[in-house]
Each structure stands twice: as structure tokens, then as C-alpha cells.
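Trainee: I would like a close look at one part of this model, the sheet, together with whatever is packed into the core. Could you take me through it slowly, strand by strand?

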Amino acid sequence: MKAVVFMILACILSVNASAQSDVELQSIRKLIGSFINDLNRGDFSNLSSYCIKEWIHINSNGGISNGRDEVVGEIFQAYKTNPKGAKIAIENMTVRMLSPDAAIATVKHAIDNQQQVKSFVVVKQAGKWLL
């Protein structure tokens with residue numbers, strides 16, 4: 001009888017943990033979607049609401065930008081050179097939880113018929129997911 005009760009409790013806890021992680025994964029996907037939408041609009045005024053000050057960006061040439069202000073400057077310059085009207089379209093996004101407050105997302109997207117892959121490390125601070 002104890003074994004049956006234990007199995008039932010284990011199933012209930014497993015379902016609850018799965019539902020919680022689904023909420024976390026959706027929050028992370030929404031966060032990255034917000035960033036991509038801001039890139040498409042060329043509007044970085046919302047970044048402070050979803051990016052940590054210590055943001056580090058490694059560009060496709062291997063250059064490293066440190067800090068939100070430096071990263072925004074580099075990204076803004078890079079995306080200004082895109083053909084007018086070119087938008088980033090997310091094709092696939094996978095998110096893997098590293099711990100309850102850290103995850104890595106891999107995003108496959110296209111811009112102007114060119115496919116790219118980006119990786120994002122996100123952290124949860126004060127109950128909020130941030131880049």
C-alpha cells in the first residue's frame with residue numbers, strides 16, 4: 001500500500017514539475033521573441049526591461065561586446081546594414097534548462113533569405129527571465 005501511495009505522489013509531483021517547466025520555457029521563448037521583435041523594429045528602448053546590465057555579446061566574427069550599452073551599439077550598427085525591410089523570422093527555437101534560474105536557447109532564424117543560428121544564455125533574476 002505504501003508503494004502505491006508513493007507512486008501516486010511521485011506522478012503528481014512529476015506532472016506539477018513538468019507544468020512549471022512548460023511555463024518557464026514559454027517565458028523564455030517570449031523573452032527572446034521580444035528581443036527579435038525589437039531588432040526588427042530597430043527600437044531598443046525596451047532592452048533595460050529584459051537584458052541584464054552585464055550582457056555579453058559574441059558576434060559572428062568572434063568580437064566580444066561587454067555591457068548592455070556597448071552591445072546595443074554594436075547590434076544597432078550591424079542591423080542598420082540589413083537591406084531595407086529585411087526582418088528576422090524565427091524558424092525554430094529550442095530551450096534547455098541548465099538550472100531553475102538559467103537556460104540556454106538556440107534559435108534558428110532567417111533574415112533576407114539567409115539562415116543563421118544564435119545562442120542565448122538567459123538567467124532568472126528576481127523572478128524574471130533576462131538576456
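**The sheet and the core**

Mentor: Please keep in mind throughout that this is a predicted model. The sheet is an open one, built from 4 strands in the order 3-4-5-6 with antiparallel pairing, and its edges are formed by strand 3 and strand 6 (128–130), each of which pairs on one side only. Averaged over the sheet and with direction ignored, neighbouring strands are turned by 25° against each other.

Beginning at the edge formed by strand 3, we find that strand 3 and strand 4 are paired in the antiparallel sense over 10 bridges and make a hairpin with 2 residues between them; S99 stands opposite A102 in strand 4. Strand 4 is largely enclosed by the rest of the structure, because 7 of its 10 residues are buried. On its way to the next strand, strand 4 enters a second hairpin, again with 2 residues between the partners, strand 4 and strand 5, and here D112 in the turn has a positive phi of about 50°. I111 stands opposite Q114 in strand 5, and 10 antiparallel bridges join strand 4 to strand 5. At the other edge, strand 5 and strand 6 run antiparallel and are joined by 3 bridges, with W129 in strand 6 serving as the bridge partner of K124.

From the sheet we can turn to the largest nonpolar core, which has 27 residues, and in which I32, F35, L47, W55, F120, V122 and L131 touch the most other members. The elements giving two or more residues to this core include strand 3 (88–99), strand 4 (102–111) and strand 5 (114–125), and helix 1 (2–41), helix 2 (47–50) and helix 3 (68–80) do so as well. Of these, helix 1 gives the most, with 7 residues.

One member of the core leads to a charged residue that deserves attention. Leaving aside residues up to four places away in sequence, L47 touches F35, W55, R68 and V72. R68 is found in helix 3, and its contacts, counted in the same way, are L47, S48, C51, I52, K53 and W55. Although R68 is buried, it has no salt bridge, and the nearest side chain of opposite charge, that of D69, is 4.9 Å away; the cut-off for a salt bridge is 4 Å, between a side-chain nitrogen of Lys or Arg and a carboxyl oxygen of Asp or Glu.

Methods. Residues are numbered from 1 along each chain as its sequence is written. This is a predicted model: local features need pLDDT of at least 70, side-chain atom pairs count only at pLDDT 80 or more; totals for chains, interfaces and linings use all residues. Side-chain values use heavy atoms; hydrogens and water are left out. A nonpolar core is a set of buried Ala, Val, Leu, Ile, Met, Phe, Trp, Tyr and Cys residues joined through side-chain atoms within 4.5 Å. Buried means under 20% relative accessible area, exposed over 50%, partly exposed in between (1.4 Å probe, protein chains only). Contact means heavy atoms within 4.5 Å. Lys and Arg count as positive and Asp and Glu as negative; His and the chain ends are not counted. Two strands pair if DSSP finds at least two bridges between them. Axes are lines fitted to C-alpha atoms, for helices over the stretch in contact, and angles run from 0 to 180 degrees between N-to-C directions.
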